[in-house]
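Welcome! Below are some short exercises, each followed by a worked solution. Please take a look at the sequence and the structure before you begin.

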Amino acid sequence: MSQAELYDKVVKAFQLRFQHKPQLVVRAPGRVNLIGEHTDYNDGFVMPMAVDRAAWLAVSATEEPWATLRALDMGGDEAIFPVDQIPASVGGWSDYPKAIVWALHERNLKPVGINAVFSSDVPVGAGMSSSAAVEVSFGYAWMKLSDFELELPDLALLAQRAENEYVGVNCGIMDQMISACGRDGHAMLLDTRTLKRGYFPMPEGVAVVVADSLVRRSLANSEYNVRRSQCEQAVSILQEHLPGIKALRDVNPDQLVSLGHMLPDVVLRRARHVVHENARVAQVARALRAGQLETVGKLLVEGHHSLRDDYEVSAPELDALVDAAIEVEGCYGARLTGAGFGGCVIVLVAEDNVSELKSHLTSRYQELFDTQPRVYITHPANGVSEV
Ligand code: GLA
(Lines give C-alpha, C1' and ligand atoms only; values in the text may rest on other atoms or scores of the structure.)
Protein backbone atom coordinates (compact mmCIF):
# COMPACT_ATOMS: atom_id res chain seq x y z
CA MET A 1 0.00 0.00 0.00
CA SER A 2 1.40 3.42 -0.92
CA GLN A 3 1.79 6.20 1.61
CA ALA A 4 -1.08 8.11 -0.07
CA GLU A 5 -3.29 5.03 0.31
CA LEU A 6 -2.39 4.77 4.00
CA TYR A 7 -3.37 8.42 4.41
CA ASP A 8 -6.77 7.74 2.84
CA LYS A 9 -7.20 4.59 4.87
CA VAL A 10 -6.74 6.26 8.28
CA VAL A 11 -8.81 9.32 7.32
CA LYS A 12 -11.75 7.23 6.03
CA ALA A 13 -11.64 4.90 9.03
CA PHE A 14 -11.55 7.89 11.37
CA GLN A 15 -14.61 9.45 9.72
CA LEU A 16 -16.48 6.20 9.85
CA ARG A 17 -15.69 5.64 13.52
CA PHE A 18 -15.97 9.19 14.91
CA GLN A 19 -18.37 10.77 12.40
CA HIS A 20 -16.27 13.83 11.65
CA LYS A 21 -13.04 14.75 9.89
CA PRO A 22 -9.81 14.33 11.87
CA GLN A 23 -8.17 17.54 13.05
CA LEU A 24 -4.74 16.22 12.19
CA VAL A 25 -3.02 13.46 10.24
CA VAL A 26 0.49 12.55 11.37
CA ARG A 27 3.05 10.20 9.83
CA ALA A 28 6.15 9.00 11.63
CA PRO A 29 8.57 6.80 9.69
CA GLY A 30 10.40 3.57 10.47
CA ARG A 31 14.08 3.37 9.66
CA VAL A 32 16.97 1.30 8.45
CA ASN A 33 20.42 1.78 9.88
CA LEU A 34 23.26 2.06 7.36
CA ILE A 35 26.02 1.52 9.90
CA GLY A 36 26.57 1.86 13.66
CA GLU A 37 24.81 -1.14 15.17
CA HIS A 38 24.64 -1.64 18.94
CA THR A 39 26.66 1.53 19.40
CA ASP A 40 23.89 3.86 20.59
CA TYR A 41 23.74 2.48 24.13
CA ASN A 42 27.53 2.80 24.26
CA ASP A 43 27.40 6.58 23.70
CA GLY A 44 28.65 5.95 20.15
CA PHE A 45 27.77 6.89 16.58
CA VAL A 46 24.99 5.68 14.30
CA MET A 47 23.98 6.40 10.73
CA PRO A 48 20.32 5.56 10.12
CA MET A 49 17.91 6.84 7.51
CA ALA A 50 14.16 7.20 7.88
CA VAL A 51 12.28 5.15 5.27
CA ASP A 52 9.16 5.55 3.19
CA ARG A 53 7.19 3.25 5.49
CA ALA A 54 5.49 4.85 8.44
CA ALA A 55 2.91 4.82 11.20
CA TRP A 56 -0.07 6.95 10.16
CA LEU A 57 -2.38 8.53 12.69
CA ALA A 58 -5.67 10.39 12.10
CA VAL A 59 -6.55 12.21 15.29
CA SER A 60 -8.72 14.89 16.95
CA ALA A 61 -8.69 16.42 20.42
CA THR A 62 -11.71 15.74 22.67
CA GLU A 63 -13.27 17.63 25.58
CA GLU A 64 -12.99 14.67 27.95
CA PRO A 65 -9.62 13.41 29.27
CA TRP A 66 -9.78 10.04 27.52
CA ALA A 67 -7.96 8.47 24.60
CA THR A 68 -10.08 6.30 22.31
CA LEU A 69 -7.75 4.59 19.87
CA ARG A 70 -8.48 2.20 17.06
CA ALA A 71 -5.64 0.11 15.61
CA LEU A 72 -6.59 -0.78 12.04
CA ASP A 73 -3.82 -3.37 11.74
CA MET A 74 -5.12 -5.28 14.76
CA GLY A 75 -8.49 -6.01 13.21
CA GLY A 76 -9.84 -2.63 14.40
CA ASP A 77 -9.06 -3.43 18.02
CA GLU A 78 -9.85 -0.46 20.31
CA ALA A 79 -8.24 0.79 23.49
CA ILE A 80 -9.80 3.40 25.78
CA PHE A 81 -7.80 4.87 28.65
CA PRO A 82 -7.55 8.05 30.73
CA VAL A 83 -4.93 10.67 29.87
CA ASP A 84 -5.22 12.77 33.06
CA GLN A 85 -3.56 9.97 35.03
CA ILE A 86 -1.08 7.17 34.28
CA PRO A 87 -2.94 4.52 32.27
CA ALA A 88 -2.48 0.90 33.34
CA SER A 89 -0.34 -1.26 31.09
CA VAL A 90 -2.03 -4.34 29.66
CA GLY A 91 0.71 -5.31 27.17
CA GLY A 92 0.15 -5.18 23.41
CA TRP A 93 -0.02 -2.23 21.02
CA SER A 94 -1.81 0.21 23.34
CA ASP A 95 1.20 0.26 25.66
CA TYR A 96 3.05 2.52 23.18
CA PRO A 97 0.59 5.44 23.25
CA LYS A 98 0.07 4.84 26.99
CA ALA A 99 3.82 5.04 27.47
CA ILE A 100 3.77 8.47 25.82
CA VAL A 101 1.05 9.59 28.25
CA TRP A 102 3.22 8.31 31.10
CA ALA A 103 6.30 10.15 29.80
CA LEU A 104 4.35 13.40 29.33
CA HIS A 105 3.15 13.23 32.94
CA GLU A 106 6.75 12.62 34.05
CA ARG A 107 7.60 15.95 32.42
CA ASN A 108 4.55 17.68 33.92
CA LEU A 109 3.03 18.08 30.47
CA LYS A 110 -0.72 17.59 30.19
CA PRO A 111 -1.96 15.60 27.18
CA VAL A 112 -5.51 16.33 25.95
CA GLY A 113 -8.03 13.57 25.35
CA ILE A 114 -7.96 12.26 21.79
CA ASN A 115 -9.87 10.15 19.33
CA ALA A 116 -7.51 8.43 16.93
CA VAL A 117 -7.22 5.77 14.28
CA PHE A 118 -3.85 4.44 13.22
CA SER A 119 -2.20 2.06 10.81
CA SER A 120 1.39 1.34 9.92
CA ASP A 121 3.26 -0.37 7.12
CA VAL A 122 6.53 -0.61 9.06
CA PRO A 123 6.86 -4.38 9.47
CA VAL A 124 6.64 -5.44 13.12
CA GLY A 125 9.64 -7.25 14.62
CA ALA A 126 11.72 -6.71 11.47
CA GLY A 127 14.28 -4.38 13.03
CA MET A 128 12.82 -1.32 11.27
CA SER A 129 11.61 0.49 14.39
CA SER A 130 7.88 -0.03 14.12
CA SER A 131 7.46 0.81 17.81
CA ALA A 132 9.48 4.03 17.64
CA ALA A 133 7.28 5.12 14.72
CA VAL A 134 4.11 4.57 16.76
CA GLU A 135 5.55 6.35 19.81
CA VAL A 136 6.78 9.33 17.82
CA SER A 137 3.49 9.66 15.91
CA PHE A 138 1.47 9.79 19.14
CA GLY A 139 3.98 12.08 20.87
CA TYR A 140 3.82 14.48 17.94
CA ALA A 141 0.01 14.40 17.79
CA TRP A 142 -0.29 15.10 21.52
CA MET A 143 2.17 17.94 21.19
CA LYS A 144 0.21 19.50 18.33
CA LEU A 145 -3.18 19.12 20.03
CA SER A 146 -2.22 19.95 23.63
CA ASP A 147 -0.88 23.08 25.18
CA PHE A 148 2.89 22.48 24.99
CA GLU A 149 5.75 22.52 22.48
CA LEU A 150 8.74 20.22 22.26
CA GLU A 151 11.71 20.38 19.91
CA LEU A 152 11.85 17.21 17.80
CA PRO A 153 15.03 15.83 19.45
CA ASP A 154 13.35 16.37 22.80
CA LEU A 155 10.27 14.52 21.56
CA ALA A 156 12.60 11.66 20.56
CA LEU A 157 14.11 11.57 24.06
CA LEU A 158 10.66 11.54 25.60
CA ALA A 159 9.62 8.64 23.36
CA GLN A 160 12.78 6.71 24.20
CA ARG A 161 12.13 7.20 27.91
CA ALA A 162 8.57 5.99 27.37
CA GLU A 163 9.86 2.81 25.74
CA ASN A 164 12.59 2.25 28.35
CA GLU A 165 10.56 2.83 31.47
CA TYR A 166 6.91 2.19 30.62
CA VAL A 167 7.12 -0.46 27.90
CA GLY A 168 10.25 -1.90 29.53
CA VAL A 169 12.49 -2.19 26.46
CA ASN A 170 15.93 -0.85 27.18
CA CYS A 171 16.64 0.60 23.71
CA GLY A 172 19.07 3.40 22.82
CA ILE A 173 18.11 6.72 21.20
CA MET A 174 18.70 5.89 17.52
CA ASP A 175 15.22 4.78 16.48
CA GLN A 176 13.20 7.58 18.05
CA MET A 177 15.71 10.20 16.91
CA ILE A 178 15.64 9.19 13.26
CA SER A 179 11.84 8.82 13.26
CA ALA A 180 11.63 12.38 14.64
CA CYS A 181 14.51 14.02 12.74
CA GLY A 182 15.03 12.10 9.48
CA ARG A 183 15.58 14.07 6.27
CA ASP A 184 14.37 13.28 2.76
CA GLY A 185 17.20 11.90 0.59
CA HIS A 186 19.67 11.78 3.46
CA ALA A 187 21.19 9.48 6.03
CA MET A 188 21.72 11.01 9.47
CA LEU A 189 25.01 10.79 11.35
CA LEU A 190 24.13 10.97 15.03
CA ASP A 191 26.48 11.28 17.96
CA THR A 192 24.38 9.57 20.61
CA ARG A 193 26.32 11.21 23.44
CA THR A 194 25.91 14.84 22.41
CA LEU A 195 22.90 14.25 20.10
CA LYS A 196 24.69 16.31 17.46
CA ARG A 197 23.35 15.44 14.00
CA GLY A 198 24.76 15.70 10.50
CA TYR A 199 22.99 14.83 7.25
CA PHE A 200 24.58 13.01 4.32
CA PRO A 201 22.87 12.93 0.92
CA MET A 202 22.50 9.44 -0.50
CA PRO A 203 24.35 9.37 -3.83
CA GLU A 204 22.48 9.24 -7.13
CA GLY A 205 22.23 5.95 -8.95
CA VAL A 206 22.40 3.76 -5.87
CA ALA A 207 19.49 2.00 -4.21
CA VAL A 208 19.06 0.86 -0.63
CA VAL A 209 17.27 -2.45 -0.83
CA VAL A 210 15.70 -4.12 2.19
CA ALA A 211 15.51 -7.90 2.30
CA ASP A 212 13.29 -9.07 5.14
CA SER A 213 14.17 -12.62 6.18
CA LEU A 214 10.74 -12.83 7.88
CA VAL A 215 12.54 -14.50 10.78
CA ARG A 216 11.23 -13.14 14.08
CA ARG A 217 13.07 -14.06 17.27
CA SER A 218 11.24 -13.80 20.55
CA LEU A 219 14.52 -13.82 22.50
CA ALA A 220 15.64 -10.57 20.91
CA ASN A 221 14.76 -8.41 23.90
CA SER A 222 16.50 -10.52 26.53
CA GLU A 223 19.58 -11.09 24.33
CA TYR A 224 19.70 -7.34 23.68
CA ASN A 225 19.85 -6.71 27.43
CA VAL A 226 22.59 -9.30 27.81
CA ARG A 227 24.67 -7.45 25.17
CA ARG A 228 24.12 -4.16 26.99
CA SER A 229 25.33 -5.54 30.28
CA GLN A 230 28.37 -7.16 28.64
CA CYS A 231 29.31 -3.73 27.27
CA GLU A 232 28.89 -2.22 30.75
CA GLN A 233 31.05 -4.98 32.18
CA ALA A 234 33.78 -4.17 29.66
CA VAL A 235 33.70 -0.52 30.68
CA SER A 236 33.90 -1.23 34.38
CA ILE A 237 36.92 -3.52 33.91
CA LEU A 238 38.69 -1.18 31.49
CA GLN A 239 38.12 1.78 33.82
CA GLU A 240 40.74 0.35 36.17
CA HIS A 241 43.35 1.30 33.57
CA LEU A 242 41.49 4.03 31.72
CA PRO A 243 39.88 5.97 34.56
CA GLY A 244 38.55 8.71 32.25
CA ILE A 245 36.26 6.43 30.22
CA LYS A 246 32.51 6.49 30.70
CA ALA A 247 31.44 4.21 27.86
CA LEU A 248 32.92 2.06 25.09
CA ARG A 249 32.70 5.17 22.92
CA ASP A 250 35.77 6.41 24.82
CA VAL A 251 37.90 3.37 24.00
CA ASN A 252 39.91 3.20 20.77
CA PRO A 253 41.00 0.05 18.90
CA ASP A 254 44.65 0.32 20.10
CA GLN A 255 43.63 0.57 23.73
CA LEU A 256 41.49 -2.51 23.31
CA VAL A 257 44.42 -4.42 21.82
CA SER A 258 46.67 -3.57 24.76
CA LEU A 259 44.06 -4.07 27.50
CA GLY A 260 41.91 -6.77 25.92
CA HIS A 261 43.56 -9.55 27.95
CA MET A 262 41.84 -8.15 31.05
CA LEU A 263 38.41 -8.98 29.69
CA PRO A 264 36.69 -12.36 29.61
CA ASP A 265 36.70 -13.63 26.00
CA VAL A 266 33.03 -13.03 25.29
CA VAL A 267 33.17 -9.52 26.79
CA LEU A 268 36.27 -8.73 24.72
CA ARG A 269 34.47 -9.77 21.54
CA ARG A 270 31.44 -7.60 22.36
CA ALA A 271 33.71 -4.63 23.11
CA ARG A 272 35.71 -5.24 19.93
CA HIS A 273 32.56 -5.03 17.86
CA VAL A 274 31.46 -1.75 19.44
CA VAL A 275 34.88 -0.07 19.31
CA HIS A 276 35.45 -0.97 15.65
CA GLU A 277 31.85 -0.26 14.68
CA ASN A 278 32.20 3.30 15.97
CA ALA A 279 35.30 3.69 13.82
CA ARG A 280 33.37 2.29 10.84
CA VAL A 281 30.65 4.90 11.21
CA ALA A 282 33.22 7.68 10.80
CA GLN A 283 34.77 5.86 7.84
CA VAL A 284 31.41 5.34 6.13
CA ALA A 285 30.53 9.01 6.63
CA ARG A 286 33.80 10.07 5.00
CA ALA A 287 33.44 7.63 2.12
CA LEU A 288 29.82 8.63 1.48
CA ARG A 289 30.79 12.27 1.33
CA ALA A 290 33.56 11.42 -1.15
CA GLY A 291 31.19 9.27 -3.22
CA GLN A 292 33.35 6.17 -2.60
CA LEU A 293 30.62 3.58 -2.69
CA GLU A 294 33.00 0.61 -2.91
CA THR A 295 34.52 1.68 0.40
CA VAL A 296 31.09 2.17 1.98
CA GLY A 297 30.04 -1.27 0.82
CA LYS A 298 33.19 -2.94 2.12
CA LEU A 299 32.63 -1.35 5.54
CA LEU A 300 29.02 -2.53 5.59
CA VAL A 301 30.14 -6.12 5.00
CA GLU A 302 32.85 -5.80 7.68
CA GLY A 303 30.17 -4.52 10.04
CA HIS A 304 28.01 -7.53 9.28
CA HIS A 305 30.84 -9.98 9.93
CA SER A 306 31.54 -8.27 13.22
CA LEU A 307 27.87 -8.55 14.24
CA ARG A 308 27.93 -12.19 13.19
CA ASP A 309 31.20 -13.29 14.80
CA ASP A 310 31.95 -10.91 17.68
CA TYR A 311 28.55 -9.58 18.70
CA GLU A 312 26.70 -12.79 17.79
CA VAL A 313 23.39 -11.19 16.89
CA SER A 314 23.01 -12.50 13.36
CA ALA A 315 21.06 -15.53 12.16
CA PRO A 316 21.79 -18.05 9.37
CA GLU A 317 19.03 -16.49 7.27
CA LEU A 318 20.60 -13.02 7.53
CA ASP A 319 24.08 -14.34 6.79
CA ALA A 320 22.75 -16.13 3.71
CA LEU A 321 21.06 -12.97 2.43
CA VAL A 322 24.27 -10.96 2.86
CA ASP A 323 26.36 -13.67 1.17
CA ALA A 324 23.90 -13.90 -1.72
CA ALA A 325 23.69 -10.10 -2.11
CA ILE A 326 27.42 -9.64 -2.52
CA GLU A 327 27.48 -12.19 -5.32
CA VAL A 328 25.39 -9.86 -7.47
CA GLU A 329 27.03 -7.49 -9.92
CA GLY A 330 26.59 -3.87 -8.89
CA CYS A 331 26.22 -4.73 -5.19
CA TYR A 332 28.51 -2.56 -3.04
CA GLY A 333 27.78 -4.25 0.25
CA ALA A 334 25.15 -5.59 2.63
CA ARG A 335 24.60 -6.10 6.33
CA LEU A 336 21.92 -6.87 8.86
CA THR A 337 20.15 -3.76 10.11
CA GLY A 338 18.65 -3.14 13.55
CA ALA A 339 19.16 -5.23 16.65
CA GLY A 340 19.51 -8.52 14.74
CA PHE A 341 18.40 -12.04 15.79
CA GLY A 342 16.19 -11.98 12.69
CA GLY A 343 14.60 -9.17 10.71
CA CYS A 344 16.19 -7.51 7.71
CA VAL A 345 19.39 -6.96 5.81
CA ILE A 346 20.05 -3.84 3.76
CA VAL A 347 21.87 -3.96 0.46
CA LEU A 348 23.58 -1.04 -1.24
CA VAL A 349 23.31 -1.72 -4.96
CA ALA A 350 23.54 0.16 -8.24
CA GLU A 351 20.01 1.05 -9.35
CA ASP A 352 20.51 -0.78 -12.65
CA ASN A 353 21.10 -4.06 -10.83
CA VAL A 354 18.11 -4.01 -8.48
CA SER A 355 15.98 -6.54 -10.35
CA GLU A 356 18.89 -8.93 -10.71
CA LEU A 357 19.51 -8.58 -6.97
CA LYS A 358 15.86 -9.27 -6.16
CA SER A 359 15.73 -12.43 -8.20
CA HIS A 360 19.06 -13.73 -6.92
CA LEU A 361 18.12 -13.16 -3.27
CA THR A 362 14.75 -14.76 -3.78
CA SER A 363 16.01 -17.87 -5.52
CA ARG A 364 18.95 -18.39 -3.16
CA TYR A 365 16.72 -18.01 -0.10
CA GLN A 366 14.14 -20.36 -1.59
CA GLU A 367 16.87 -22.95 -2.20
CA LEU A 368 18.28 -22.71 1.32
CA PHE A 369 15.20 -22.14 3.47
CA ASP A 370 12.33 -23.21 1.25
CA THR A 371 10.62 -19.85 1.58
CA GLN A 372 10.96 -16.37 0.13
CA PRO A 373 12.26 -13.16 1.68
CA ARG A 374 10.37 -9.89 1.18
CA VAL A 375 12.61 -7.63 -0.94
CA TYR A 376 11.97 -3.98 -1.78
CA ILE A 377 13.73 -0.67 -2.48
CA THR A 378 13.51 1.92 0.23
CA HIS A 379 14.01 5.70 -0.04
CA PRO A 380 15.35 8.02 2.66
CA ALA A 381 12.37 9.99 4.01
CA ASN A 382 11.60 12.93 6.29
CA GLY A 383 11.03 12.44 9.98
CA VAL A 384 7.66 12.90 11.67
CA SER A 385 5.33 15.47 10.16
CA GLU A 386 1.76 16.61 9.90
CA VAL A 387 0.37 15.69 6.49
C1 GLA B 1 17.36 -1.55 18.42
C2 GLA B 1 17.35 -0.43 19.45
C3 GLA B 1 18.31 0.69 19.04
C4 GLA B 1 19.70 0.12 18.74
C5 GLA B 1 19.61 -1.06 17.77
C6 GLA B 1 20.93 -1.74 17.56
O7 GLA B 1 16.85 -1.06 17.22
O8 GLA B 1 16.06 0.11 19.57
O9 GLA B 1 18.38 1.66 20.06
O10 GLA B 1 20.38 -0.24 19.91
O11 GLA B 1 18.68 -2.02 18.23
O12 GLA B 1 21.81 -0.90 16.91
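## Exercise 1: a residue in a strand

T68 has a relative accessible area of 11%, so T68 counts as buried (buried is under 20% relative accessible area, exposed over 50% and partly exposed in between, with a 1.4 Å probe and protein chains only). The model is a predicted one, where local features need pLDDT of at least 70 and side-chain atom pairs count only at pLDDT 80 or more, while totals for chains, interfaces and linings use all residues. Residues are numbered from 1 along each chain as its sequence is written, and side-chain values use heavy atoms, with hydrogens and water left out.

Task: Find the strand in which T68 is found, and list what T68 is in contact with, leaving aside its neighbours within four places in sequence.

Solution.
- Step 1: The strand is β3, residues 66–71 (helices, H or I with at least four residues, and strands, E with at least two, are DSSP runs numbered from the N terminus).
- Step 2: Beyond its neighbours within four places in sequence, T68 is in contact with R17, F18, E78, A79, I80, I114, N115 and A116 (contact means heavy atoms within 4.5 Å).

## Exercise 2: aromatic pairs

Task: Work out how the rings of Y41 and Y224 are arranged, then do the corresponding job for Y365 and F369.

Solution.
- Step 1: Begin with the rule: rings of Phe, Tyr and Trp (its six-membered ring) pair if their centres lie within 6.5 Å, and planes under 30 degrees apart count as stacked, over 60 as edge-to-face and the rest as tilted. The count by this rule is seven aromatic pairs.
- Step 2: For Y41 and Y224 the ring centres are 5.2 Å apart and the planes stand at 65 degrees, so this pair is edge-to-face.
- Step 3: Place the two residues. Y41 lies in the loop between β1 (24–35) and β2 (45–62), and Y224 in helix α6 (residues 220–238), so the pair ties together parts 183 residues apart in sequence. Both Y41 and Y224 are buried.
- Step 4: Y365 and F369 form a tilted pair, at 4.9 Å centre to centre with 55 degrees between the planes.
- Step 5: Y365 and F369 both lie in helix α11 (residues 354–369), four residues apart, which is about one turn of the helix. In general, an α-helix has 3.6 residues a turn, so residues three or four places apart point the same way.
- Step 6: Y365 counts as buried at 2% relative accessibility, whereas F369 is partly exposed at 27%.

## Exercise 3: two helices that pack

Task: Describe how helix α4 and helix α5 pack, and say which residues meet.

Solution.
- Step 1: Helix α4 (residues 152–167) and helix α5 (residues 174–181) have axes 8 Å apart and pack at an angle of about 145 degrees (axes are lines fitted to C-alpha atoms, for helices over the stretch in contact, and angles run from 0 to 180 degrees between N-to-C directions).
- Step 2: From α4 come L152, P153, A156, A159, Q160 and E163, which meet Q176, M177, A180 and C181 in α5.
- Step 3: Sorted by type, the residues of this contact are seven nonpolar, two polar and one charged (Ala, Val, Leu, Ile, Met, Phe, Trp, Tyr, Cys and Pro count as nonpolar, Asp, Glu, Lys and Arg as charged, and the others, Gly among them, as polar).
- Step 4: Now turn to the cover of α5: eight of its eight residues are buried. What covers them includes β1, β2, α3 (130–145), α4, β6 (186–191) and β7 (197–201).

## Exercise 4: the loop between α4 and α5

Task: Decide whether I173 is buried or exposed, and list what I173 touches.

Solution.
- Step 1: I173 is found in the loop between α4 and α5.
- Step 2: Its relative accessible area is 5%, so I173 is buried.
- Step 3: Not counting residues up to four places away in sequence, I173 touches D40, A156, L157, Q160, L190, T192 and L195.

## Exercise 5: positive phi

Task: Where do Q19 and N108 lie, and are they buried or exposed?

Solution.
- Step 1: Q19 is not a glycine, yet has a positive phi of about 65 degrees. Its place is in the loop between α1 (3–18) and β1, and Q19 counts as exposed at 65% relative accessibility.
- Step 2: N108, not a glycine either, has a positive phi of about 60 degrees. N108 lies in the loop between α2 (95–106) and β5 (113–120) and counts as exposed at 64% relative accessibility.
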